[in-house]
Amino acid sequence: SGGPDAAGQGDLATFKARLLAVLADFGDKGFPASLLRRRYAQVWRGSAFPSPADFGIARKSTGLVELLRLVASDAVRVETFADGRQPLLFRVTSALAPARP
């Protein structure tokens with residue numbers, strides 16, 4: 001079994017920081033979950049989007065939305081829709097670091 005705590009905290013912190021950077025340009029509009037892996041690879045060249053196993057999640061059927069809710073819910077909010085629209089991702093305001101000068 002295992003859970004998100006099984007991964008190294010440095011790796012998890014890096015993943016969350018990268019997620020926030022990917023979502024930064026989309027602000028209040030939200031970012032389509034279906035595009036996350038591709039955008040992550042574009043922004044972080046040479047860094048593959050981690051798999052659930054990278055965070056100690058053994059269940060192979062863990063999807064992207066579930067992965068984000070399990071390991072990054074303090075950084076990313078996932079909004080799902082009953083009408084079948086794809087989920088949108090939003091940065092959690094409290095996870096944002098102070099602005100750079």
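Here is a friendly exchange about the predicted model shown above.

Reader: Before we look at details, what are the ground rules for this model?
Author: Residues are numbered from 1 along each chain as its sequence is written, and side-chain values use heavy atoms, with hydrogens and water left out. Because the model is predicted, local features need pLDDT of at least 70 and side-chain atom pairs count only at pLDDT 80 or more, while totals for chains, interfaces and linings use all residues.

Reader: What is the mean pLDDT of the protein, and where is the pLDDT below 50?
Author: The predictor's confidence in each residue, pLDDT, runs from 0 to 100. Its mean over the protein is 85, and 83% of the residues reach 70 or more. Beyond near neighbours in sequence, one stretch with pLDDT below 50 has 14 contacts in the model (a contact means heavy atoms within 4.5 Å), and that stretch is residues 1-7. Where pLDDT is low, the predicted coordinates should not be read in detail.

Reader: In what order do the elements of the protein run from the N terminus on?
Author: Helices (H or I, at least four residues) and strands (E, at least two) are DSSP runs, numbered from the N terminus. The protein has three helices and three strands. From the N terminus on, their order is α-β-α-α-β-β.

Reader: Which element gives the most to the largest nonpolar core?
Author: A nonpolar core is a set of buried Ala, Val, Leu, Ile, Met, Phe, Trp, Tyr and Cys residues joined through side-chain atoms within 4.5 Å; buried means under 20% relative accessible area, exposed over 50% and partly exposed in between, with a 1.4 Å probe and protein chains only. The largest such core has 23 residues, and Phe15, Leu19 and Leu36 are among those with the most contacts inside it. At least two of its residues come from each of α1 (9-24), α2 (36-43), α3 (64-71) and β2 (76-79). With six residues, the element that gives the most is α1.

Reader: Which residues does Leu36 touch, not counting residues up to four places away in sequence?
Author: Leu36 belongs to the group with the most contacts inside the largest core, a group that also includes Phe49, Leu68 and Leu89. Once residues up to four places away in sequence are set aside, Leu36 touches Leu19, Val22, Phe31, Phe49, Leu64, Leu68 and Leu89.

Reader: Is Lys16 buried or exposed?
Author: Lys16 sits in helix α1. Leaving aside neighbours within four places in sequence, Lys16 is in contact with Val71, Ala72, Asp74 and Ala75. Its relative accessible area is 17%, so Lys16 is buried.

Reader: Within what arc do the buried residues of α3 fall, seen down the axis?
Author: In α3, the buried residues are Leu64, Val65, Leu67, Leu68 and Val71. The arc is taken from the directions from the helix axis to the C-beta atoms. These buried residues line one face of the helix, because they fall within an arc of 160 degrees.

Reader: How many salt bridges does the structure hold, and which residue does Arg39 meet in one?
Author: A salt bridge puts a side-chain nitrogen of Lys or Arg within 4 Å of a carboxyl oxygen of Asp or Glu, and the structure holds five. One of them, at 3.7 Å from N to O, involves Arg39 and links helix α2 to the loop between α1 and β1 (31-32), its two residues being 14 apart. Arg39 is partly exposed at 25% relative accessibility, whereas its partner is exposed at 56%. That partner is Asp25.

Reader: How far apart, N to O, are the side chains of Glu66 and Arg59 in their salt bridge?
Author: Glu66 is partly exposed, with a relative accessible area of 31%. Arg59 is partly exposed too, at 44%. The N to O distance in their salt bridge is 2.3 Å.

Reader: Which residues form one aromatic cluster?
Author: Rings of Phe, Tyr and Trp (its six-membered ring) pair if their centres lie within 6.5 Å, and planes under 30 degrees apart count as stacked, over 60 as edge-to-face and the rest as tilted. Phe15 and Tyr40 have ring centres 6.1 Å apart and planes at 50 degrees, so the pair is tilted; Tyr40 and Phe49, at 5.0 Å and 80 degrees, are edge-to-face. The cluster consists of Phe15, Tyr40, Phe49 and Phe55.
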